[in-house]
Amino acid sequence: PKERMLGPLAGDKAISDVGDETGCASTRRRSELAEEVADSELGSAPSVRTVLNAIQDAKEGHLVHRIPWEQHAAMLVWLLLLCAQHGFTRLLCHADLPFDCVREKDSVAWIHDFKMLFLMGFMLAMLTGVPYPDRFFYIFCFRRPRPYGFMFLLVFFLVSPAWSSLSFIMPGFSITDGMDAKYTA
């Protein structure tokens, strides 16, 4: 049933079903949040309702996937955004920004780049809560009165040229001196 797939607030409105007046940042009602915190020990243990739902599912023989598909979609959007940033940075490299950029790479270096991009990007997303609806719709909100999405994308894509332009402040200085060229951007 749908209510079992919504997570620890089964039977109540789920996080993704409740929106604020702008329709961007999803928020829970305070009473729901207070109830869940009261049911857990210092907020670290699962709520009583979650445990009871799991016991009921085990008795009925249901195999329920408790992570909503929206979290996987949010992670996919985040990783695709990182790939777009990587492509943008490679375009800057062909424009000699920074001056010590390695233009030609072999396939092993590309695999290393994407391995590190996905690994570090996944860890960053999990530590900052990007897959959760509240955080995702906060970062990627493009509606008024708080269009944080435009500001986030602007900063996200301007960081790469800003960081690369540091090489013009101190010509000849490179943080990649002495490194193997195939592991540098």
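Good morning. I begin with Phe157, which counts as partly exposed at 24% relative accessibility. Please bear in mind throughout that this is a predicted model.

The ring of Phe157 pairs with that of Phe156: the two centres lie 5.2 Å apart and the planes stand at 90°, so the arrangement is edge-to-face. Phe156, unlike its partner, is buried, because its relative accessible area is 13%, under the 20% limit for that class.

These two residues belong to a wider group. Which residues form the aromatic cluster? One cluster brings together Trp78, Phe88, Phe136, Phe137, Phe140, Phe152, Phe156 and Phe157. Across the structure there are 12 aromatic pairs. One that I would single out joins Phe140 and Phe152, whose ring centres are 5.5 Å apart with planes at 80°, so this pair too is edge-to-face. It links distant parts of the chain: Phe140 lies in the loop between helix H6 (133-139) and helix H7 (148-164), whereas Phe152 lies in helix H7, and the two are 12 residues apart. As to accessibility, Phe140 is buried at 14%, while Phe152 is partly exposed at 22%.

Let me now step back to the chain as a whole. How many helices and strands does the secondary structure of the chain contain? There are seven helices and zero strands, and the pattern read along the sequence is accordingly α-α-α-α-α-α-α. The chain has 185 residues, of which 29% are buried. If we take the contacts between residues at least 6 apart in sequence, 62% of them join residues at least 24 apart. The accessible surface amounts to about 12,400 Å², and carbon and sulfur atoms account for 68% of that area.

I turn next to the charged residues. The structure holds one salt bridge. Lys105 and Asp113 form it, with their closest N and O atoms 2.4 Å apart. Are these partners buried or exposed? Lys105 is buried, because its relative accessible area is 15%, and Asp113 is likewise buried, with a value of 15%. Lys105 has a further partner of another kind: its charged end sits over the ring of Trp110, at 5.9 Å from the ring centre.

Trp110 and Asp113 also lead us to His86. This histidine is placed in helix H4, which covers residues 69-94. Which residues does His86 contact, leaving aside its neighbours within four places in sequence? They are Trp110, Asp113, Phe114 and Leu117. His86 itself is buried, with a relative accessible area of 15%. Thus Asp113 is in contact with His86 and also forms the salt bridge with Lys105.

Finally, I come to the surface. A nonpolar patch of about 710 Å² is made by Leu119, Met120, Phe122, Met123, Met126, Leu127 and Tyr132. Met126 may serve as one example from this patch. Met126 is found in helix H5, residues 107-128, and at 36% relative accessibility this methionine counts as partly exposed. Patch residues must have over 30% relative accessible area, and the 36% of Met126 therefore satisfies that condition.

To close, I would return to three places in the model. The first is the aromatic cluster that includes Phe156 and Phe157. The second is the salt bridge of Lys105 with Asp113. The third is the nonpolar surface patch to which Met126 contributes. Thank you for your attention.

Note on methods. Residues numbered from 1 in each chain as written. Predicted model: local features only at pLDDT ≥ 70, side-chain atom pairs only at ≥ 80, totals over all residues. Heavy atoms only, no water. Helix = DSSP H or I, 4+ residues; strand = E, 2+ residues; numbered from the N terminus. Buried < 20%, exposed > 50% of the residue type's maximum accessible area, 1.4 Å probe, protein only. Contact = heavy atoms within 4.5 Å. Patch = residues over 30% accessible without salt bridge, like charges linked within 9 Å, V, L, I, M, F, W, Y side chains within 5 Å. Areas by Shrake-Rupley, 256 points an atom, 1.4 Å probe, with all protein chains shown as cover. Salt bridge = Lys/Arg side-chain N within 4 Å of Asp/Glu carboxyl O. Phe/Tyr/Trp six-rings, centres within 6.5 Å; stacked < 30°, edge-to-face > 60°. Lys NZ or Arg CZ within 6 Å of the ring centre and 35° of its normal.
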